[in-house]
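Here are some notes from my pass through this entry, written as I would jot them down for a colleague. Please read them with the structure open beside you.

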Amino acid sequence: MPTMGVAEFCFTAIVLSSFAGGAVPMLAANKVISLGYSLTLLLPIGIVTLNSEQVYQAQLGYVVIPLSLLMIPICLKTSEFTQGAIRQRLLNNQLVIDMAQEKERVAAANRELKATSAELNQSNSILEQEIKKRTDEIIQISNLDPLTQVSNRNAFTQNLDTIIRASEHNKMPVALLFIDLNGFKKINDAMGHKVGDQVLVTVTQRMLAFSETSKVGRWGGDEFLVILPYSDKQTALSISKAIIKSIEKPIEVNGNELHLSASIGIAMSPLHSQSATELIQLADISMCEQKENGVWAPGMFTQALLAKIESSQTILEGLQKAIELKQLSLHYQPIVNSAEHRAESYEALLRWNFNGTLVTPDNFIPLAEKSGLIKEIGAWVLNRACMDAVHWPNSEAASVSVNVSVIQLMDDGFIRHLDNCLQSSRLSPDRLHLEITESTFVENEQKIRFQLDQIQQRRVKISIDDFGTGYSSLSQLQTLPVNFIKIDKSFVDNVHGKGEAIIRATQFIARELNCQTIAEGVETKQQADMLFSMGIDYLQGFYFSKPVPHKALLAWQESNQPFTKHTD
Ligand code: C2E
Ligand code: MG
Ligand code: MG
């Protein structure tokens with residue numbers, strides 16, 4: 001180098017510096033190599049030139065040495081940066097690899113999931129089919145009456161609702177028939193449930209001839225319902241008659257020929273109601289009305305029928321509180337002996353002051369009997385009548401005659417109550433007469449006989465009320481312990497006509513049975529005279545007196561006047 005010319009020297013110095021500077025980024029990945037390379041290129045020339053005798057060379061030495069020193073931080077920094085970049089890149093690469101692996105894992109998991117989900121879908125659809133099958137079976141079971149295989153209450157009401165909704169669209173009427181069998185209970189009781197079941201199945205099959213299975217329902221027991229879509233009143237009535245006829249055909253069970261009939265009530269939608277449950281109620285009401293009236297023909301619902309039921313409901317609700325509110329009272333009507341017109345007994349007739357109106361028994365006794373309230377009311381009447389009778393003045397011999405309903409008489413507690421009344425009132429039992437209507441004797445013969453014997457053992461007297469209207473058999477009557485026969489007003493009304501023969505026949509029977517006769521509803525002197533001439537023992541009617549309140553009766557008894565003429 002000392003021998004080099006200036007140009008040659010400068011050229012060499014520039015080349016070395018360029019190599020050192022240019023190598024820095026190239027070798028930056030390793031700071032030792034980078035630094036070593038740069039310093040190896042620059043430091044020797046710097047040291048040599050610094051000690052050179054050539055001035056220009058020494059001057060260059062002053063430049064090269066600081067440059068070498070400057071190269072140190074540059075190398076270190078560049079190296080640090082490059083290493084950082086490489087590290088980052090390596091890291092990124094790893095991340096990419098990791099991500100690829102992760103992606104592959106996720107894809108594998110997805111594939112697995114898909115496979116499992118396909119399997120699940122398959123078993124799900126099998127399960128769904130099974131559930132649907134079971135659900136269908138359950139719906140079948142819960143919608144059908146197990147015996148007759150027609151709709152039960154729930155399903156029928158739903159069907160009816162759907163049909164009513166559909167009929168609203170096509171504006172066609174729907175008729176609903178409520179069918180109740182007559183005579184089924186007897187067959188069931190007498191021949192057993194198995195026969196009863198067979199009868200119900202046969203009856204259902206007969207009904208199915210008139211309507212589809214989904215439109216026939218069993219309401220319970222021997223009650224059925226039939227929907228007749230597109231039927232007007234006339235069609236519904238005709239089909240109902242045909243159903244009754246078909247039910248009335250003999251039913252063969254185990255070689256026995258059984259006979260039934262049916263009562264049918266009809267309600268129409270939309271005319272009477274557009275609600276399924278209400279329509280069923282209305283058809284039921286119409287059916288009950290038919291049954292009650294003993295009409296074995298179909299009956300169409302009417303608003304008048306509903307009004308009647310509502311008024312009965314009001315009466316019944318009022319009647320429940322009548323005793324408590326002291327609205328009941330007894331009126332008394334004398335029963336006079338026909339020769340002297342002297343009152344020998346007084347019939348107690350119940351009156352009910354309901355919201356200021358005096359309601360007569362015909363309007364509430366049947367309802368009280370139907371609801372069972374008659375037991376309570378009858379007990380009150382018997383007690384009141386005994387209490388009143390013991391206070392009657394100057395009439396030691398006058399008896400009190402109390403009407404007793406069959407339901408009251410059949411009650412097991414009746415005799416006990418009778419004893420209580422006699423004991424607490426201290427009324428002599430022979431001053432008490434119990435009036436029992438003739439129709440009572442038609443059913444429950446044994447129990448009636450037992451109760452009447454009990455009554456007679458207590459020396460209480462028994463009258464058969466409304467005689468001639470009840471179809472009781474004479475053979476039955478002749479063994480019953482009866483003291484009086486009360487000839488019904490309908491015969492007394494006709495005493496100058498056809499009634500005479502019946503009254504004479506009754507009198508003949510009474511004599512045979514060792515009874516005395518009382519003619520009810522005597523309204524005129526002619527009737528009274530005629531009945532007296534016929535030999536009737538006692539007379540009762542408006543001709544002598546209308547039934548009067550107890551206070552009025554007491555005043556009358558005090559006055560000691562005979563009943564010779566009509567007192568209004
Ligand atoms: P019943 O026992 O045959 O009583 C006679 C009915 O005929 C009474 O009607 C009486 O007021 C009426 N009557 C009497 N004489 C004449 C007359 O000359 N002309 C007319 N047109 N009618 C006459 P009432 O008081 O309305 O009683 C009707 C029925 O109610 C009674 O018929 C009886 O079966 C029943 N009843 C009355 N009170 C009671 C009771 O406390 N318990 C029960 N279970 N039934 C009663
Ligand atoms: Mg009576
Ligand atoms: Mg009577």
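The points below take the metal sites in turn and then two other residues.

1. One thing to keep in mind throughout: this is a predicted model. Everything that follows is computed from its atoms and should be read that way.

2. Start with the magnesium ion (ligand 2). Its donors come from Glu347 (OE), Asn403 (OD1), Glu435 (OE) and Asp465 (OD), at 2.0 to 2.3 Å. Along the chain, these donors follow the spacing E-x55-N-x31-E-x29-D. Asn403 sits in strand β11 (residues 399-404) and Asp465 in strand β13 (residues 461-467), so this pair ties together parts that are 62 residues apart in sequence.

3. Are the two strand donors buried or exposed? Asn403 comes out as partly exposed, at a relative accessible area of 28%. Asp465 has 5% relative accessibility and counts as buried, because the cut-off for buried is under 20%.

4. Now the magnesium ion (ligand 3). Here the coordination comes from Asp465 (OD), Asp466 (OD) and Glu520, the last of these listed twice through OE, at 2.0 to 2.4 Å. The donor spacing reads D-D-x53-E. Asp465 is in strand β13, while Glu520 is in the loop between β15 (516-519) and α18 (525-534), so the pair links parts that are 55 residues apart in sequence. Both Asp465 and Glu520 are buried.

5. Which residue bridges the magnesium ion (ligand 2) and the magnesium ion (ligand 3)? Asp465 does, and the ions lie 4.2 Å apart. I'd put Asp465 on screen when checking either site, given that it is a donor to ligand 2 and also to ligand 3.

6. Moving on to Asp537, look in the loop between α18 and β16 (538-539). Asp537 counts as partly exposed, with 27% relative accessibility. Its C-alpha atom is separated by 5.7 Å from that of Ser338, although the two residues are 199 apart along the chain. Setting aside neighbours within four places in sequence, Asp537 touches Val336, Asn337 and Ser338, along with Gln516 and Thr517.

7. Last, Glu289, which is placed in helix α8 (residues 276-292). This residue has a relative accessible area of 15%, so Glu289 is buried, the limit being under 20%. With neighbours within four places in sequence left out, Glu289 is in contact with Leu305 and Lys308.

Key. Residues are numbered from 1 along each chain as its sequence is written. Chains are lettered from A and ligands numbered from 1 in the order in which they are written. This is a predicted model: local features need pLDDT of at least 70, side-chain atom pairs count only at pLDDT 80 or more; totals for chains, interfaces and linings use all residues. Side-chain values use heavy atoms; hydrogens and water are left out. Donors are N, O and S atoms within 2.8 Å of the metal (3.2 Å for Na, K and Ca); water is not among the atoms, so sites may look incomplete. Helices (H or I, at least four residues) and strands (E, at least two) are DSSP runs, numbered from the N terminus. Buried means under 20% relative accessible area, exposed over 50%, partly exposed in between (1.4 Å probe, protein chains only). Contact means heavy atoms within 4.5 Å.
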